[in-house]
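Here's a quick briefing to read alongside the model. Have the sequence and the 3D view open as you go.

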Amino acid sequence: MQVDKTVKKETIYIAVWCAVLSVLMQAVFLVIGYWHYSVLLGNLWGVVAAVSNFFLMGLTVQKAVTKNEEDAKSLVKTSQTLRNMFIVIMAVVGIAVPFFNTWA
């Protein structure tokens, strides 16, 4: 399946804003004196989770528009459940692994 150009464009948009806000957060940690490499790693982990979640949602919607209403509804519901599980797993790993800053 080829990724639609709108999905690519919007995913890049989300990634850019995640990067901008990540730099801002890194600056805040630096200014308040709590910056550590774990802040950067935790921040990157969160960005990967957020952008991946958005990209997978875009792929699901792209695929759903080609299906009939009932199949599309089922596909979107399944995707949402799996993406929520993905986010929970990413959060648990981010909290459990000591070299990720939990707040970042």
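**Surface patch, pocket and a few residues**

Ile12, Tyr13, Val16, Trp17, Val20, Leu21, Leu24, Val28, Val31, Ile32 and Tyr34 make up a nonpolar patch on the surface, and together they offer about 1200 Å² of accessible area. Keep in mind that this is a predicted model, where local features need pLDDT of at least 70, side-chain atom pairs count only at pLDDT 80 or more, and totals for chains, interfaces and linings use all residues. Residues are numbered from 1 along each chain as its sequence is written, and side-chain values use heavy atoms, with hydrogens and water left out.

**The patch**
- Patches take residues with over 30% relative accessible area and no salt bridge, joining like charges within 9 Å and nonpolar side chains (Val, Leu, Ile, Met, Phe, Trp, Tyr) within 5 Å.
- A salt bridge here is a side-chain nitrogen of Lys or Arg within 4 Å of a carboxyl oxygen of Asp or Glu.
- Areas come from the Shrake-Rupley method with a 1.4 Å probe, and for residues only the protein chains shown count as cover.
- Tyr13, one of the patch residues, sits in helix H1 (residues 5-31); helices are DSSP runs (H or I, at least four residues) numbered from the N terminus.
- Tyr13 is partly exposed at 49% relative accessible area (buried is under 20%, exposed over 50%, partly exposed in between, with a 1.4 Å probe and protein chains only).

**The largest pocket**
- The largest pocket has a volume of about 170 Å³ (the space filled by probe spheres set on grid points joined across faces, edges and corners).
- A pocket is an open set of points on a 1 Å grid over the protein atoms alone, where a 1.4 Å probe fits, with protein on both sides within 12 Å along at least five of seven lines; lining residues have an atom within 4 Å of a point.
- Its lining has 13 residues, and Gly42, Trp45, Met90, Ala91 and Gly94 are the closest to the centre.
- Helix H2 (37-64) and helix H3 (69-96) each supply at least two lining residues, with H3 giving the most at 5.
- By type, the lining splits into 8 nonpolar, 5 polar and no charged residues.
- Met90 belongs to helix H3 and is buried, at 11%.

**Other residues**
- Val7, in helix H1, is buried at 11%, and its C-alpha is 5.5 Å from that of Gly58, 51 residues away along the chain.
- Asp71, in helix H3, is partly exposed at 42%.

Terms used
Ala, Val, Leu, Ile, Met, Phe, Trp, Tyr, Cys and Pro count as nonpolar, Asp, Glu, Lys and Arg as charged, and the others, Gly among them, as polar.
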